[in-house]
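Trainee: I would like a close look at one part of this protein. Please keep it to the point.

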Amino acid sequence: MDKGHSKKIRVLLFFALFFFLLMFYAFFKFERTFLSMETHQKQEELGKTAKIKAETIQKKYANMVASLQAFAENIRGLSADSEQVGRQMTLLAKVGYFNYVGISDRQGNAMDSDQHKTNIQEREYFQEAISGKISISDVIDSQVNEGEEVQVLAVPIWRDSLPQGIVFGIVNVGTMDKLMENETGSDIYTQIVDSKGNYVTRFQNKDTLVGNKNVWDDFAEYEILEGSLEKIKSDMSNQKSDSFRFRKGEEERISFYTPLGLKEYYVFSTINSKYIKTWARKINEEVCFMILEMGAAFLLLLAGLYWFNKKVQEELQTSHTEAVSSEEIMRIAIQQSRQIVFEYDIQTKRLWKKAGIENCLFSKSVMNRVPESVLEKNLIMDDLVNDFREIFERISEEDVLEKVIKVKEKNRIQWFKIIIKKYF
């Protein structure tokens, strides 16, 4: 009994160990799956943010161009040196998007709203605008203020269907940051880069990993974890969008890039991976607590089952001991009364001797084909053979049968009273 009980304990412990291993496997699998799903969802959110930001930036550039075109229309026919032109330039610089507003003749002789005079004939934006186009420059060095980086928007001044000069607006890179204020929340920051990779905006917050003036210089310092630098360059050359994951030191970021829809400018929306991991960690902690609670409940269940099994075993042991004792008492009593107790299966005709003295009729502990096998011994007197057969055949019809049998063994006559009671 003790050996069987120990085996059951080992089985329970095995199942408990298997349960906890399965739960922890499910937990770690959930952690990986959830982090992957959360990262994918955040990439989609970054994509939407980048596209919304691109639309916002397009509108701002369109408004800036529209204000310059309106100014060019108002001063058409006026002399560049006139007081009215000077007032309008100053007013546009104050109420518009620009740090300076300037005007230039066909030879590139220019003056801005702060009375700075220079020649811009060699500037690409001048050449585009004087040819009748709207020009938005990449980030360039200022001709007026040394060390200052600016972006210039220029439109032609039309007179008699010919460009007679240009109007241009100058925006410092720092000012552009204010114009393009991050409208997407503190955990996502957005950068605009021009066709050469120069940052048009250089937003700085606690999560920004921008250390250079050009995006490609920053990328040279990054470890690309997902995606590749070659693919980013290829996508930007083909005006495609995608996301990538990178790391600088211990800092990890996820970024999405999309074309601005203006020249070859691009928008990068980036988030610190720690926000995703922090959220995933909180979820995992809740799941971990849930697993611990389930584990505690499972252990309580096992303890209850163990206690219940132990009680059952104790009761069975007690019952077994009592049954053995009772059976022994019954066996002694039967032997003293010179009786034989047997059990008979009507269907199989098998008889089991349960207790009693030795008997010539039922000499074996287990006998088959009863009553035929007993009759084959020829111990029963001929006139009582039918009675002996009948008692076994009629038991299926009646609950209790009794017969007296005369047996002759070794010239000795014995009388037996057979009582058979049916039970189900």
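Trainee: Which word fits Glu 376, buried or exposed? Please walk me through its surroundings as well.

Mentor: Exposed: Glu 376 has a relative accessibility of 51%. The cut-offs are simple: buried is under 20% relative accessible area, exposed is over 50%, and partly exposed lies in between, with a 1.4 Å probe and protein chains only.

Before we go on, two ground rules. This is a predicted model, so local features need pLDDT of at least 70 and side-chain atom pairs count only at pLDDT 80 or more, while totals for chains, interfaces and linings use all residues. Residues are numbered from 1 along each chain as its sequence is written, and side-chain values use heavy atoms, leaving out hydrogens and water.

Now look at the partner. Glu 376 forms a salt bridge with Arg 369, and their closest N and O atoms are 3.3 Å apart. A salt bridge here is a side-chain nitrogen of Lys or Arg within 4 Å of a carboxyl oxygen of Asp or Glu. Arg 369 counts as partly exposed, because its relative accessibility is 44%.

Where is Arg 369? Find the loop between strand 15 and helix 8. Helices (H or I, at least four residues) and strands (E, at least two) are DSSP runs, numbered from the N terminus. The backbone of Arg 369 deserves a look too. Its phi is positive, about 50°, although Arg 369 is not a glycine.

Move along the loop. Val 370 and Pro 371 are joined by a cis peptide bond, with omega about 20°. Pro 371 also sits in the loop between strand 15 (366-367) and helix 8 (372-375). Why point these out? Most residues other than glycine have a negative phi, and most peptide bonds are trans.

Next comes helix 8. Here Glu 372 meets Lys 349 in a side-chain salt bridge, 3.4 Å from N to O. Lys 349 belongs to the loop between strand 13 (340-345) and strand 14 (350-356), and Glu 372 to helix 8, so this pair ties together parts 23 residues apart in sequence. Both ends are partly exposed: Lys 349 has a relative accessible area of 34%, and Glu 372 has 25%.

Now compare this with other places. Gln 239 is another residue other than glycine with a positive phi, near 55°. Look for Gln 239 in the loop between helix 6 (229-237) and strand 10 (242-248). Gln 239 is partly exposed, at 35% relative accessible area.

There are other salt bridges to inspect. Arg 76 and Glu 73 pair up through their side chains, at 3.0 Å from N to O. Arg 76 counts as partly exposed at 42% relative accessibility, and Glu 73 is partly exposed at 46%. Elsewhere, Glu 390, Arg 394, Glu 398 and Lys 403 are linked in a salt-bridge network. The count comes to 18 salt bridges.

Finally, step back to the whole protein. Its secondary structure comes to nine helices and 17 strands. Of its 424 residues, 40% are buried. Take the contacts (heavy atoms within 4.5 Å) with a separation of 6 or more: 47% of them are between residues 24 or more positions apart.

To return to your request: Glu 376 is exposed, and its salt-bridge partner is Arg 369.
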